[in-house]
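I opened a new model today and wanted a quick look round before going back to the bench. These are my notes, in the order I looked things up.

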Amino acid sequence: MIYLPLTPTCLLCVQENGKNRLQQAQDEVEEVKVIMLDNLNNAAERSGKLRDLDNRADKLLEKSKAFSKSARKVKQQKWYEHMKMKVLLIAVGVVIAAIIIGIIAWLASGSDDREQPAAGQPTSGP
């Protein structure tokens with residue numbers, strides 16, 4: 001091993017070099033500290049925004065459940081109205097069909113009476 005003698009200029013150089021490295025390390029620590037504080041502030045902001053978003057999602061879920069319930073009621077109400085209309089149209093159709101059949105039956109029975117003379121009446125002719 002070879003030992004170099006420390007001269008005052010060399011000793012001063014080592015001290016300055018050590019101070020420079022110490023100052024550089026402190027500057028880096030300060031820079032990291034600032035970055036960490038920014039990250040913590042950003043995380044706190046995000047946490048608040050996420051909480052707000054979660055609250056809005058809960059409200060939206062409640063509103064969607066209420067909408068679903070009212071939509072189900074409207075659907076059921078429209079189904080009943082549709083069924084009433086169907087029954088009404090079928091009833092009207094049956095009544096019209098019965099009237100038509102009654103008219104046809106009346107005309108058919110009336111035309112049979114006109115075509116065939118009664119047994120006791122003389123027929124007109126030569």
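What follows goes from the whole chain down to single residues.

**Overall.** I noted to myself that this is a predicted model. I looked up the secondary structure and got one helix and zero strands. Then I checked burial: of the 126 residues of the chain, 2% count as buried. I also pulled the accessible surface, which comes to about 12,300 Å². Carbon and sulfur atoms hold 64% of that area.

**Salt bridges.** How many salt bridges does a search of the whole structure find? I got one. The partners are glutamate 81 and lysine 78, and their closest N and O atoms sit 3.5 Å apart. Both residues belong to helix H1, and they are three residues apart, about one turn of the helix. I wanted to know how open this spot is, so I looked up each partner: glutamate 81 has 36% relative accessibility and counts as partly exposed. Lysine 78 is partly exposed as well, at 48%.

**Aromatics.** I searched for ring pairs next and the count came to one aromatic pair. Tryptophan 79 and tyrosine 80 make up this pair, with 5.3 Å centre to centre and 65° between the planes. Is that stacked or edge-to-face? I put it down as edge-to-face, because planes over 60 degrees apart count that way. Tryptophan 79 is partly exposed, with a relative accessible area of 49%. For tyrosine 80 I wrote down 46%, again partly exposed.

**Negative patch.** Which residues gather in a patch of negative charge on the surface? I listed Asp27, Glu28, Glu30 and Glu31. I took aspartate 27 for a second look and found it in helix H1, which covers residues 8-115. Its relative accessible area is 43%, so I filed aspartate 27 as partly exposed.

**Nonpolar patch.** I also found a nonpolar patch on the surface, formed by Met85, Leu88, Leu89, Val92, Ile96, Ile100 and Ile104. Together these side chains have about 670 Å² of accessible area. I picked isoleucine 104 to check, and it lies in helix H1. Is isoleucine 104 buried or exposed? I wrote exposed, because its relative accessible area is 54% and the cut-off for that label is over 50%.

**To remember.** My short version is one helix, zero strands, one salt bridge and one aromatic pair. On the surface I have a patch of negative charge that includes Asp27 and a nonpolar patch that includes Ile104.

Key:
Residues are numbered from 1 along each chain as its sequence is written. This is a predicted model: local features need pLDDT of at least 70, side-chain atom pairs count only at pLDDT 80 or more; totals for chains, interfaces and linings use all residues. Side-chain values use heavy atoms; hydrogens and water are left out. Patches are made of residues with over 30% relative accessible area and no salt bridge: like charges are joined within 9 Å, nonpolar side chains (Val, Leu, Ile, Met, Phe, Trp, Tyr) within 5 Å. Accessible areas come from the Shrake-Rupley method with a 1.4 Å probe; for residues, only the protein chains shown count as cover. A salt bridge is a side-chain nitrogen of Lys or Arg within 4 Å of a carboxyl oxygen of Asp or Glu. Lys and Arg count as positive and Asp and Glu as negative; His and the chain ends are not counted. The place of a charge is taken as NZ of Lys, CZ of Arg, CG of Asp or CD of Glu. Helices (H or I, at least four residues) and strands (E, at least two) are DSSP runs, numbered from the N terminus. Buried means under 20% relative accessible area, exposed over 50%, partly exposed in between (1.4 Å probe, protein chains only). Rings of Phe, Tyr and Trp (its six-membered ring) pair if their centres lie within 6.5 Å; planes under 30 degrees apart count as stacked, over 60 as edge-to-face and the rest as tilted.
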